[in-house]
Amino acid sequence: MKLHDRHGLALSSSNSDSAAAYDAALDLFHSWRLDPLALLAPVLADDPDFIAGHLLQASVMLSAFEFSLFAAAGDSLRLAAASRHTATARERSLLAALQAWAAGDIDAGLSALDHHLVSHPRDLLALQLAHLGDLVLGRTTMLRDRIARVLGHWSESDSGYGYLLGMLAFGLEETCAFEQAEAVGRRAVELQPHDAWAVHAVAHVCEMQGRPADGLQWLMATRADWRHDNGMAVHNHWHLALMQLARGEHAAALAMYDETVAPGPEVLSLNLADASSLLWRLQLRGVEPGARWTALAQRWQAQGVWGGSAFLDLHAAMAFVSAGDRAGLQALRQAAIGAAAGPGGESVWRRLALPAIDGFAALLDGKPVRCTELLLPLLPATQPMGGSHAQRQVLLLTAQEAARRSGQQALAAALAAEQSVHGSRVLPSRHIGTPAGTNRALASA
């Protein structure tokens, strides 16, 4: 007898215990709670032919964008392919997409997921993984449009609908539909209070609209549901620190770094990026992080696989430059040069990542004019580097500070003006179209 997951998708298994554990692990993954892999491990030990379990295990590892985990994800996919069970059409399609991703071709993996989700619009696992891929590769409009494509196949009565709205909220925010994003994000949290991604989407709205008091209030009101044992804990605390910075509360932001953002014994590179970003922003404001940079650079050295992500390499460069780690910076630059020579490297690495890395180094080398020369051409089109608008804004902030330090006051004022219109104060979200299919979600928010 075929079993189904809680979204109605067939599983190539007749083991009801495996199916129940799969649903529980899937919910942990969607809410960013820890640890779906720990929950799956004994299940797969007892039921090694459980294809869906291996696919979920691989997806969790791939979603971390920790390149050192890609080999382990590949092992999980080989076990799925070797199962004695006959895979369902969905499982075969998802397996093919994940195999491309695990082989290091995230672009090909996302393209395969495009087709997969057209045929399997209720595959929330594939949808969340693709959503994260769109973010890391800077595919901003797809953060919204990918969710819009499947929305008509879901209703509020469906289990997991809140998670769908959480992803939609972030996509709407990144496409500057701020009012809709906040409404959808708040509704998502009402439906699923543990949805740390939806919490973070509303925080992004407050950041982009220059509403730090509202952002602080929102994050503190929801904090009990994401501050512990949650994969979004570091990032949401990073958002809290940004709200404090916007209010001029520099000591509080530095304390937030020490208490919740600074890397612990085990940490993902995306969390290290948040740590670099926060210390760099504090440094731009004249706050001296001290020995924190040295400790952070050492963590990047231990963690880093350079040349895989322009977004991550840029944040590693902040730590190496600030800690005076010339060897680390040179190794990173060489990997970036190698990536620039590879497929697609010209547009992302040569035109964006390398000038940004060199611009950051120029600022701390006492060459602010050179920094502005390198960074200004990048500002109109930073999306291919990946990350959110809020994360990439560090390039604008750095160029602005470099202009100030070099006495280019007119340029500094111009960049400050540019920063001030990034929110909806000048471009109200009602002036920015939303994709067909979002009306039902907006009406229920």
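# A walk through the helices

Start with helix α19, residues 345-364: at 1.5 Å a residue, its 20 residues ought to span 28 Å, and since the C-alpha atoms at its two ends sit 26 Å apart, the two figures agree. Keep in mind as you look around that this is a predicted model. The helix isn't perfectly straight, mind you. At Ala353 there's a kink of about 30 degrees, and the proline Pro355 follows shortly after. As for its surroundings, 14 of the 20 residues of α19 are buried, so the rest of the structure largely encloses this helix. Just past the end of α19 you'll find Gly366, which takes a positive phi of about 80 degrees.

One residue of α19 leads us elsewhere. Trp349 is in contact with Ser309, which also contacts Phe67, once neighbours within four places in sequence are left aside. Where does Ser309 sit? Look in the loop that runs between α16 (292-303) and α17 (310-323). Being in a loop doesn't put this serine on the outside here: Ser309 has a relative accessible area of 7%, and because the cut-off for buried is under 20%, Ser309 counts as buried.

Now on to helix α15, residues 269-284. The same length check works here: 16 residues at 1.5 Å each should give a span of 22 Å, and the end C-alpha atoms are indeed 22 Å apart. This helix is mostly covered, with 15 of its 16 residues buried. Just after α15 comes another glycine, Gly286, with a positive phi of about 90 degrees.

For a look inside α15, pick Ser277, which lies in this helix. How buried is Ser277? Its relative accessible area is 1%, so it counts as buried. Setting aside residues up to four places away in sequence, Ser277 touches Trp238, His315 and Met318.

Met318 also turns up around Val394, a residue of helix α21 (residues 389-405). With the same exclusion of residues up to four places away, Val394 touches Met318 along with Trp280 and Arg281. Val394 has a relative accessibility of 1%, so this valine is buried. Here's a nice case of chain folding bringing distant positions together: Val394 and Leu284 are separated by 110 residues in sequence, while their C-alpha atoms are 9.8 Å apart in space.

Next, some helix packing. Two packed helices are described by the angle between their axes and the distance between those axes. Take α11 (residues 196-208) and α12 (residues 212-222): they pack at an angle of about 165 degrees, and their axes are 8 Å apart. An angle over 145 degrees counts as roughly antiparallel, so that's how α11 and α12 run relative to each other. Their crossing is left-handed. On the α11 side the contact is made by Val199, Val202, Ala203 and Cys206, and on the α12 side by Asp214, Gly215, Trp218, Leu219 and Thr222.

Helix α11 has a second partner in α9 (residues 161-174). How do the axes of α9 and α11 cross? They come within 8 Å and cross at roughly 20 degrees. That is under the 35-degree limit, so α9 is roughly parallel to α11. This crossing, too, is left-handed. If you want to find the contact, look for Gly166, Met167, Ala169, Phe170, Glu173 and Glu174 in α9, which meet Trp197, Ala198, His200, Ala201, His204, Val205 and Met208 in α11.

Finally, a few backbone oddities. Most residues other than glycine have a negative phi, and most peptide bonds are trans. Follow the chain on from α9 and you reach Cys176, in the loop between α9 and α10 (178-191). Its phi is near 70 degrees, a positive value in a residue other than glycine. Cys176 has 23% relative accessibility, so this cysteine counts as partly exposed.

The loop between α1 and α2 is worth a visit as well. Trp32 is placed there, and although Trp32 is not a glycine, its phi is positive at about 70 degrees. At 19% relative accessibility this tryptophan counts as buried, because the cut-off is under 20%. Asp35 is found in the loop between α1 (16-31) and α2 (36-46) too. The peptide bond joining Leu34 and Asp35 is cis, with omega about 0 degrees.

Technical notes
Residues numbered from 1 in each chain as written. Predicted model: local features only at pLDDT ≥ 70, side-chain atom pairs only at ≥ 80, totals over all residues. Heavy atoms only, no water. Helix = DSSP H or I, 4+ residues; strand = E, 2+ residues; numbered from the N terminus. Expected span 1.5 Å × (residues − 1). Bend = angle between axes of the 7 residues up to and from the residue. Buried < 20%, exposed > 50% of the residue type's maximum accessible area, 1.4 Å probe, protein only. Contact = heavy atoms within 4.5 Å. Axes fitted to C-alpha atoms, helices over the stretch in contact; angles between N-to-C directions. Parallel < 35°, antiparallel > 145°, perpendicular 65-115°, else oblique. Left-handed = near helix turned anticlockwise from the far one by under 90°.
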